[in-house]
Amino acid sequence: MCTRVVWPDANGAVIVGRNMDFHLDLLTNLWKLPRGIERNDGVNGDLTWTAKYGSLVATAFDLVACDGMNEEGFAGHILWLAESDYGTASEGDVQLSQAVWLQYYLDNFKTVAEAVEWTEKTQVRIAELLDPTSGKPPTLHLAINDASGDSAIIEYTDGTPTVYHSREYTVMTNSPTYDKQLELAAKIEGLGGDAPLGGSTLATDRFARASYYVGRQEQPKTQLEAIAAMFSIIRNAAQPFRQPDPGKPDASQTIWQVVLDLTNRRYAFESTTRPNIVWVDFDKLSFAEGTEELRLDLVSKLALEGGLAGDVSHHFHQVGPLTDLGLNLATRFVEVAAQKQDEFAGLLKEVRQLAGAAKK
């Protein structure tokens with residue numbers, strides 16, 4: 001599932017596109033999270049931190065950040081990788097739960113170089129959750145990029161992080177692992193080889209198409225042209241609605257896509273299940289310590305007719321914190337859902353009531 005593309009030289013701006021492919025609605029909303037929030041690792045609480053940077057995140061079930069950008073133009077994107085193997089942590093290992101993996105990076109880093117240095121120094125281990133739709137742990141990898149155009153992909157196939165760090169690593173999809181994706185893409189005409197450009201929804205074909213088209217963009221004259229061009233690239237790598245492919249979560253329909261301008265700090269969101277495009281300008285939000293955590297309701301407010309559209313920077317509302325309470329409930333949420341599907345809906349209702357009860 002999913003594709004991420006970086007255009008590092010769009011006439012002075014760094015533009016990033018990302019598809020979220022999944023086989024059910026993730027009830028995604030956007031959250032504005034200020035500086036100063038205190039968090040822990042979501043495992044045993046040994047690693048604690050206070051957010052140095054505010055961020056805007058796209059969530060699954062209002063619980064877990066799966067995409068986002070911080071106020072310094074550092075962004076991260078969680079994607080599926082079937083080959084992931086997080087191993088078993090030993091006593092004393094630095095750990096992060098999958099629930100806070102992305103958020104830790106958004107909270108603490110301004111550049112990809114900083115994030116890579118910390119990752120390689122700590123050899124941080126990732127603790128798994130359960131996927132409520134399959135009863136199995138999700139297998140994920142992380143892409144990060146920053147306002148300088150730098151990029152890195154972090155994968156776990158033997159319990160420890162393998163980091164692919166280069167400004168040249170502009171595209172990331174799913175299986176196989178990143179080194180093999182690069183080898184396969186090099187066989188495509190226009191990318192170093194003579195094989196035809198594939199048109200299927202396979203991760204390898206999406207990787208090649210995204211690489212091919214992002215490398216052949218004309219310089220945009222405006223931000224509008226840059227964002228439009230990136231939407232065209234990620235739509236070409238999107239997956240259509242269709243009957244689900246059993247046992248292939250990486251072959252799921254595209255449910256939403258985003259385009260980020262890391263230089264000018266704009267986050268554009270397009271839903272395929274609630275068709276419309278909205279965007280948020282960071283300059284119109286306050287990420288100052290002590291300001292409220294705010295949610296932009298895309299589940300009930302985004303609609304083709306009569307719903308949110310355009311600049312929605314001023315449509316965020318306070319509904320209660322997306323903090324440790326929510327992450328702890330998220331763990332319970334996925335565990336119960338994996339064991340008893342009939343309790344899934346009830347617990348989801350409890351989660352949403354908790355989030356919405358504070359203030360609207």
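The expected span of a helix is 1.5 Å times one less than its number of residues. Keep that in mind; two helices will be held up against it. One caution before we start: this is a predicted model.

Let's get the overall picture. The protein chain has seven helices and 20 strands. Of its 360 residues, 56% count as buried. Take the contacts between residues at least 6 apart in sequence: 68% of them join residues at least 24 apart. The chain exposes about 14,900 Å², and carbon and sulfur atoms supply 50% of that area.

Now the helix I want to open with, H4. It covers residues 203–214. H4 has twelve residues, and 16 Å separates its first C-alpha from its last. The expected value is also 16 Å, so the two are close.

Is H4 enclosed or open? Nine of its twelve residues are buried, so the helix is largely enclosed by the rest of the structure. Among the buried ones are Ala203, Phe207, Ala210 and Val214. Charged side chains are on that list too: Asp205, Arg206 and Arg209 are buried in H4.

What do these buried residues pack against? They meet strands S1, S2 and S14, plus helices H3 and H5.

Take H3 first, residues 178–185. H3 and H4 pack at an angle of about 65 degrees, and their axes are 10 Å apart. Their crossing is right-handed. On the H3 side, the contact uses Tyr178, Gln181, Leu182, Leu184 and Ala185. On the H4 side, Ala203, Thr204 and Phe207 meet them.

Next, H5, residues 223–236. Its 14 residues should span 20 Å at 1.5 Å a residue, and its end C-alpha atoms are 20 Å apart, which agrees. The buried residues of H5 are Ala226, Ile227, Ala229, Met230, Phe231, Ile233 and Ile234. Their cover includes H4, along with strands S1, S2, S15 and S16.

That brings us to the sheet under these helices. It is an open sheet of seven strands, in the order S14-S1-S2-S15-S16-S17-S19, with mixed pairing. S14, residues 171–172, and S19, residues 310–311, are the edge strands; each pairs on one side only. H4 packs on this sheet and touches S1, S2 and S14. The direction of H4 makes about 15 degrees with that of S1.

Walk along the sheet from the S14 edge. S1, residues 3–10, runs antiparallel to S14, with two bridges joining them. Arg4 stands opposite Met172 in S14. On to S2: six bridges join S1 to S2, again antiparallel. Here Trp7 has Ile15 as its bridge partner. The hairpin of S1 and S2 has two residues between the strands. Asn11 in that hairpin takes a positive phi near 55 degrees.

S2 deserves a pause. Nine of its nine residues are buried. Both faces are covered. One side carries Ala13, Ile15, Gly17, Asn19 and Asp21; the other carries Val14, Val16, Arg18 and Met20. S2 also pairs with S15, residues 254–261, in the antiparallel sense over seven bridges. Look for Arg18 opposite Val258 in that pairing.

Now the other sheet I want to show. Nine strands form an open sheet, ordered S13-S12-S11-S8-S7-S6-S3-S18-S20, with antiparallel pairing. S13, residues 161–165, and S20, residues 317–318, stand at the edges. Each has a single partner strand, so one side of each is left without a neighbour in the sheet. Helix H2, residues 112–122, packs on this sheet, touching S11, S12 and S13. The direction of H2 makes about 155 degrees with that of S13.

Under H2, S11 and S12 run antiparallel, joined by four bridges. Ala143 has Ile153 in S12 as its bridge partner.

Further along, which residues of S3 lie on each face? Leu30 and Lys32 are on one side, Trp31 and Leu33 on the other, and all are buried. S3 pairs with S6 over four bridges in the antiparallel sense. In S6, Ala58 is the bridge partner of Leu30. S3 also pairs with S18, residues 294–296, over three antiparallel bridges. There, Trp31 stands opposite Arg295.

To wrap up: H4 packs on the seven-strand sheet, and H2 packs on the nine-strand one.

Definitions and conventions
Residues numbered from 1 in each chain as written. Predicted model: local features only at pLDDT ≥ 70, side-chain atom pairs only at ≥ 80, totals over all residues. Heavy atoms only, no water. Pairing = 2+ DSSP bridges. Contact = heavy atoms within 4.5 Å. Axes fitted to C-alpha atoms, helices over the stretch in contact; angles between N-to-C directions. Buried < 20%, exposed > 50% of the residue type's maximum accessible area, 1.4 Å probe, protein only. Areas by Shrake-Rupley, 256 points an atom, 1.4 Å probe, with all protein chains shown as cover. Left-handed = near helix turned anticlockwise from the far one by under 90°.
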